[in-house]
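Me: I would be grateful for a close look at one part of this structure, namely the site where the ligand is held. Please begin with the overall architecture and then describe the surroundings of the ligand.

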Amino acid sequence: MSSFRSALLALVGATLLIANGLAATAANRATFPKDFKQMVMYGDYRRGSGGELAYALKETIDIAKAGKPLPPGTRLVLEIYNDGALTGYFVMEKGVDWGLEVDEEKRTGDWHFQEFGLDGEVKRSPIAERCEACHQGQESNDFMFTRDRMEAYLP
Ligand code: HEC
């Protein structure tokens, strides 16, 4: 009986874990862009041996320069540098109604945020929990920090 009970508890626990995993996946659809190599570096935020470089497709930059909102399907990439070396990528991706899948207090319009390692695999780090919280402060700029650089970009 007690082993049946613990087996049942284990099953319930496993089901909850799976449900949680699915919810987490559904709430983050941002993927690493397959066309990253075609992207253009439009913002250089390197300071000393660290800092960031911001990338987007030329068509995305043209939309921003025309003063229009970035459409669903847009991806933005930030390369992260530490001690002179590239250490990973931060990606923002926008999709139709993706915001509805995010808890209201974490919502950043229809953008989803994800961190990737150099191998292109999803990376979980303490900062990955805080992407939305920090970018929420940029609501008036479509949750972006680099919109000004994008609009000012000259090839
Ligand atoms: C503490 C605040 C903060 C946190 C946390 C943060 N960002 Fe940002 N993000 C910035 C700033 C500031 C910039 C502008 C570039 C710079 O200064 O390096 C930026 C720029 C970006 C950009 C370039 C497009 C844009 O928004 O202008 C992307 C993509 C991005 N961040 C993704 C992420 C992801 C993904 C995470 C979580 C893994 C994250 N950010 C966490 C502050 C933050």
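Reply: In this predicted model, the protein contains four helices and five strands. Followed along the sequence, these elements give the pattern α-β-β-α-β-β-β-α-α. The protein has 155 residues, of which buried residues make up 37%.

The ligand site may be considered next. The space that the ligand takes up is the largest pocket. Several elements each give two or more residues to the shell around the ligand: strand E1 (40-47), strand E3 (75-82), strand E4 (85-94), strand E5 (111-116) and helix H3 (131-135). There are 21 residues around the ligand, and those that come nearest are Glu-52, Cys-131, Cys-134, His-135 and Thr-146. In terms of residue class, the shell comprises 14 nonpolar, three polar and four charged residues.

The iron atom of the ligand deserves separate attention. The protein supplies a single donor to this iron atom, the NE2 atom of His-135, at 2.1 Å. His-135 is part of helix H3, one of the elements that give two or more residues to the shell. A polar side-chain atom of His-135 also lies 2.9 Å from a nitrogen atom of the ligand.

Two further residues place atoms close to oxygen atoms of the ligand, one through its side chain and one through its backbone. For Glu-52, a polar side-chain atom lies 2.3 Å from a ligand oxygen atom. For Phe-145, a backbone N or O atom is found 2.8 Å from an oxygen atom of the ligand.

One residue of strand E4 merits a closer description. Glu-93 is located in this strand, and strand E4 is itself among the elements that give two or more residues to the shell around the ligand. Is Glu-93 buried or exposed? Glu-93 has a relative accessible area of 7%, and it therefore counts as buried, the cut-off being under 20%. The side chain of Glu-93 has polar partners in the protein, including the backbone nitrogen of Thr-31, which it reaches at 2.9 Å. Another partner is Arg-75, whose side chain is joined to that of Glu-93 by a polar contact of 3.0 Å.

To draw the description of the site together: the ligand occupies the largest pocket, its iron atom has His-135 as the single donor from the protein, and Glu-52 and Phe-145 each have an atom close to a ligand oxygen, at 2.3 Å and 2.8 Å respectively.

How values were computed: Residues are numbered from 1 along each chain as its sequence is written. This is a predicted model: local features need pLDDT of at least 70, side-chain atom pairs count only at pLDDT 80 or more; totals for chains, interfaces and linings use all residues. Side-chain values use heavy atoms; hydrogens and water are left out. A residue is near a molecule or strand if one of its heavy atoms lies within 4 Å of it. A polar contact is a pair of N or O atoms within 3.5 Å; within protein, one must be able to donate a hydrogen and the other to accept it, and residues adjacent in sequence count only if both atoms are side-chain atoms. On a 1 Å grid over the protein atoms alone, a cavity is a set of points where a 1.4 Å probe fits but cannot get out, and a pocket is an open set with protein on both sides within 12 Å along at least five of seven lines; lining residues have an atom within 4 Å of a point. A molecule sits in a cavity or pocket if more than half of its atoms lie within 2 Å of its grid points. Ala, Val, Leu, Ile, Met, Phe, Trp, Tyr, Cys and Pro count as nonpolar, Asp, Glu, Lys and Arg as charged, and the others, Gly among them, as polar. Donors are N, O and S atoms within 2.8 Å of the metal (3.2 Å for Na, K and Ca); water is not among the atoms, so sites may look incomplete. Buried means under 20% relative accessible area, exposed over 50%, partly exposed in between (1.4 Å probe, protein chains only).
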